[in-house]
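Trainee: Could you take one part of this protein and look at it closely with me? I'd like to start at the surface and then work through to the rest.

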Amino acid sequence: MINLFDWLQAFQSIVQQVDGQSGDEDGCVSPQVQARFTRVVCELEFLGFIRSSKRKVDHVEKLTW
């Protein structure tokens, strides 16, 4: 089980390091980063690497090792 919010925070920190941006102090996620993350999650789900969890709304299940 993967918590999507934690995964988004990790994704945001990596994107900001690559782009050379400083981190936000208030922890807000920019709309551009959130859109990129959503697209990546949808593509991973389409490819069959993850699927939505039926037990918890904000979690996904990893299907491959």
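**A surface patch and what lies around it**

Mentor: Let's start with Phe46, Leu47 and Phe49, which together make a nonpolar surface patch of about 380 Å². Keep in mind that this is a predicted model. Take Phe49 from that trio: you'll find it in the loop between helix 2 (31-47) and strand 2 (50-52). Is Phe49 buried, exposed or partly exposed? Its relative accessibility is 38%, so it counts as partly exposed. The cut-offs behind that word are simple: buried is under 20%, exposed is over 50%, and partly exposed is what falls in between. For the wider surface, the protein exposes about 5200 Å², and carbon and sulfur atoms supply 56% of that.

Now follow the chain out of the loop and into strand 2. Ile50 stands opposite Lys62 of strand 3. The two strands run antiparallel and are joined by three bridges, and they form a hairpin with six residues between them. Strand 3 (residues 59-62) also pairs with strand 1 (residues 2-3), again in the antiparallel sense, this time over two bridges. In that pairing, Ile2 has Val60 as its bridge partner in strand 3.

Step back for a second and the layout is easy to hold in your head. The protein has two helices and three strands, and from the N terminus on they come in the order β-α-α-β-β. Of its 65 residues, 18% count as buried. If you take contacts between residues at least 6 apart in sequence, 38% of them join residues at least 24 apart.

Next, go the other way from the loop, back into helix 2, and look for aromatic rings. How many aromatic pairs does the structure hold? There are two. In one of them, the ring centres of Trp7 and Phe37 are 5.8 Å apart with the planes at 90 degrees, so that pair is edge-to-face. This links distant parts of the chain: Trp7 belongs to helix 1 and Phe37 to helix 2, and they are 30 residues apart. The two partners fall into separate accessibility classes. Trp7 is partly exposed because its relative accessible area is 27%, while Phe37 counts as buried because its relative accessibility is 8%.

Phe37 takes part in another pair as well, this one with Phe11. Here the geometry is tilted, with 5.6 Å from centre to centre and 50 degrees between the planes. Once more, distant parts of the chain are linked: Phe11 lies in helix 1 and Phe37 in helix 2, 26 residues apart. Put the ring pairs together and you get a cluster of Trp7, Phe11 and Phe37.

While you're looking at helix 1 (residues 4-19), pick out Gln9, which also lies there. Gln9 has a relative accessible area of 26%, so it is partly exposed. How far is its C-alpha atom from that of Cys28? The separation is 9.5 Å, for two residues that are 19 apart along the chain.

To retrace the route: we began with the patch of Phe46, Leu47 and Phe49, took the strand pairings on one side, including strand 2 with strand 3, and ended with the rings that link Trp7, Phe11 and Phe37.

Technical notes. Residues are numbered from 1 along each chain as its sequence is written. This is a predicted model: local features need pLDDT of at least 70, side-chain atom pairs count only at pLDDT 80 or more; totals for chains, interfaces and linings use all residues. Side-chain values use heavy atoms; hydrogens and water are left out. Patches are made of residues with over 30% relative accessible area and no salt bridge: like charges are joined within 9 Å, nonpolar side chains (Val, Leu, Ile, Met, Phe, Trp, Tyr) within 5 Å. Accessible areas come from the Shrake-Rupley method with a 1.4 Å probe; for residues, only the protein chains shown count as cover. A salt bridge is a side-chain nitrogen of Lys or Arg within 4 Å of a carboxyl oxygen of Asp or Glu. Helices (H or I, at least four residues) and strands (E, at least two) are DSSP runs, numbered from the N terminus. Buried means under 20% relative accessible area, exposed over 50%, partly exposed in between (1.4 Å probe, protein chains only). Two strands pair if DSSP finds at least two bridges between them. Contact means heavy atoms within 4.5 Å. Rings of Phe, Tyr and Trp (its six-membered ring) pair if their centres lie within 6.5 Å; planes under 30 degrees apart count as stacked, over 60 as edge-to-face and the rest as tilted.
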